[in-house]
Amino acid sequence: MLEKLKAQKRYSKDRWYQMRTAHELKRKFLSSSFIITAIAFFFVTFFTVTTASSEDVANSCIHCHSNPAFRITNKKLYKYFRDWDLSIHALEKVTCVDCHGGNPKSTDKKKAHGEDIQQLLTPVKYDRISVTCGKCHEENAKNYKKSKHYMTLTAKGGSSRLTPTCVTCHSSINTSIPKPDDIADICTSCHNPVTENHPEVPEFAGYLIERLSFINYYTRYLISKGVMEKDPQFSKTINEEFSGLSQVWHTLELERIEEKTRQIRTMLLKRRKELDDVE
Ligand code: HEC
Ligand code: HEC
Ligand code: HEC
Ligand code: HEC
Ligand code: HEC
């Protein structure tokens, strides 16, 4: 699906982009000043009026949900907008409708949301999230579904938050990629001596992610030496190994991840040694 969407150029720069820029200006302006409550209320009224009077919108969900008034009147609602707005999805024009559904042409809240608000919430229910994300990230979702986590989640009837899903590791809808320290923190919330649920996991996972950074470092080194350019076959192999690694990662079979990491590292180090021997 990802490829199809890209081919359709659905996410090309359009009017929506200009709208985004306008919102960014508003946001910069708002965040750069120390707003005392009185001024904040002035803006609330001001933006409420401008938002409501505008008919020309490319995507009504974004248009309405980005209203800075929600910073004060509905913080939780605004946080979701912000998480999305600062994510790679916003840049790639993956918008609210792609995950929630609804009618982005209507500026009327009821019509945009549809008859039943549950319809917007069902695709993001905890046990449905991997399906929704999997519409575009097929491989990640397929491999995640092989993990013990997904099995536990579905075995418990699905609604349990006792096991992680996509948003647990990718910062809700912010889609950030976890760093070594973040990963250890995420895993520790469930894997620790108190829960007695595989307490060795966080350290191991942190170590593996660190290994990934090493691989990145060696790859960059070889790129800087022109190796990838001179040897397209080697470059292709490393690329494939890399995406394979990300897939294995989503099964969370830690021993397999370690083995795969070691293989790639050996390949890269061998190349580096050959290079050093020549020089
Ligand atoms: C005219 C303003 C407006 C438009 C247009 C709009 N929304 Fe909303 N939305 C709101 C407000 C306000 C809320 C807070 C709950 C309420 O007041 O109904 C909300 C709530 C939500 C919720 C959370 C519901 C809940 O019960 O937790 C979701 C999800 C949502 N909107 C998604 C969308 C999507 C997707 C679109 C576009 C198809 C959209 N909204 C269009 C104003 C709007
Ligand atoms: C990539 C998919 C994706 C996109 C794009 C997306 N959301 Fe969501 N949204 C989710 C998921 C998944 C959750 C549940 C998150 C969680 O449980 O931490 C969620 C939760 C929410 C909630 C809270 C619902 C509740 O439980 O009360 C609101 C409100 C919301 N989104 C609004 C929006 C708006 C507005 C946009 C567009 C500006 C948007 N979302 C874009 C996937 C998405
Ligand atoms: C409509 C398609 C679509 C849906 C649905 C979708 N994504 Fe994405 N996602 C993309 C696109 C496009 C990118 C840009 C990068 C790329 O080409 O892979 C991306 C990138 C990402 C990245 C990579 C960030 C990086 O720095 O490499 C993560 C993580 C991610 N998405 C997580 C999620 C999660 C979690 C969900 C579900 C809540 C989700 N996505 C739903 C289209 C989608
Ligand atoms: C247990 C934590 C965890 C869970 C659960 C998880 N991810 Fe990831 N994800 C990661 C980590 C860590 C990386 C970085 C791995 C790497 O660099 O190879 C990553 C990388 C990604 C990427 C970018 C690299 C790529 O393969 O394109 C995408 C997209 C992604 N995840 C989507 C998802 C989706 C969709 C789900 C749910 C079906 C999910 N993730 C579940 C931890 C997780
Ligand atoms: C929300 C809670 C939660 C989080 C967060 C979490 N896990 Fe788990 N994990 C579980 C549960 C529950 C099980 C199943 C325990 C069992 O039945 O043996 C599990 C099992 C596992 C297993 C054992 C799989 C097997 O084959 O026995 C591994 C490995 C694992 N998790 C790795 C991780 C890693 C790595 C992270 C962090 C990126 C993580 N988990 C984050 C709840 C969690």
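Which residues are the closest to ligand 3, and how many surround it? The legends below take this up, view by view, for a predicted model.

**Figure 1. The whole protein chain.**
Start with the big picture: the protein chain is built with 19 helices and 0 strands. It has 279 residues, and buried ones make up 15% of them. Now think about contacts between residues at least 6 apart in sequence: 54% of these join residues that are at least 24 apart.

**Figure 2. The surroundings of ligand 3.**
Here is what the opening question was after: ligand 3 has 19 residues around it, and the closest are E92, D98, C133, C136 and C166. Four helices, namely helix 7 (88-91), helix 8 (96-100), helix 11 (129-134) and helix 14 (166-169), each put at least two residues into this shell. Helix 11 gives the most, with 3 residues. Sorted by class, the shell holds 11 nonpolar, 5 polar and 3 charged residues. Why does ligand 3 lie between two domains? Both domain 1 (45-124) and domain 2 (125-176) give residues to its shell, so that is where it sits.

**Figure 3. The surroundings of ligand 2.**
Next up is ligand 2, with 20 residues around it; H65, Y80, C96, C99 and V124 come nearest. Helix 4 (60-65), helix 6 (75-85) and helix 8 each supply at least two residues of this shell. You may remember helix 8 from the previous view, where it also supplies at least two residues to the shell around ligand 3. The shell around ligand 2 splits into 14 nonpolar, 5 polar and 1 charged. Domain 1 (45-124) and domain 2 (125-176) each provide at least three of its residues.

**Figure 4. The surroundings of ligand 5.**
Which residues come closest to ligand 5? They are K148, P164, C187, C190 and A205, out of 20 residues that surround it. Helix 13 (148-155), helix 14, helix 15 (180-188) and helix 16 each contribute at least two residues to the shell. Count by class and you get 11 nonpolar, 8 polar and 1 charged. At least three residues come from domain 2 (125-176), and at least three from domain 3 (178-279).

**Figure 5. Helix 13, seen as two sides.**
Zoom in on helix 13, where H149, Y150 and L153 are buried. Looking down the helix axis, these buried residues fall within an arc of 95°, so they line one face. A handy rule helps here: an α-helix has 3.6 residues a turn, so residues three or four places apart point the same way. Helix 11 and helix 12 are what the buried residues of helix 13 pack against. Turn to the face pointing away from the buried side and you find M151 and A155, which are exposed.

**Figure 6. Helix 18, its length and its faces.**
How far apart are the end C-alpha atoms of helix 18 (residues 232-251)? They are 29 Å apart, and that agrees with the 28 Å that 20 residues should span at 1.5 Å a residue, because the expected span uses one less than the number of residues. Its buried residues are I238, W249 and H250. Seen down the axis, they fall within an arc of 125°, so they line one face of the helix. Their cover includes helix 12 (138-144), helix 16 (201-224) and helix 19 (254-278). Over on the other side, Q233, K236 and E240 are exposed. Just after the helix, L252 takes a positive phi of about 55°.

**Figure 7. P178, a residue in a loop.**
P178 lies in the loop that runs between helix 14 and helix 15. Is P178 buried, exposed or partly exposed? It has 18 C-beta neighbours inside 10 Å, so it counts as partly exposed. Setting aside neighbours within four places in sequence, P178 is in contact with C169, I183 and I186. I209 is 31 residues away from P178 in sequence, yet the two are 8.7 Å apart in space, C-alpha to C-alpha.

**Figure 8. L121, a residue in helix 10.**
Our last close-up shows L121, found in helix 10 (residues 118-121). L121 has 12 C-beta neighbours inside 10 Å, and therefore counts as exposed. Measure along the sequence and L121 is 20 residues from G101; in space, C-alpha to C-alpha, the two are 9.1 Å apart.

Conventions: Residues numbered from 1 in each chain as written. Chains lettered and ligands numbered in written order. Predicted model: local features only at pLDDT ≥ 70, side-chain atom pairs only at ≥ 80, totals over all residues. Near = placed C-beta within 6 Å. Nonpolar A, V, L, I, M, F, W, Y, C, P; charged D, E, K, R; others polar. Domains from an automatic or database assignment. Buried ≥ 20, exposed ≤ 12 C-beta atoms within 10 Å, placed from the backbone. Arc of directions from axis to C-beta. Contact = placed C-beta atoms within 7 Å.
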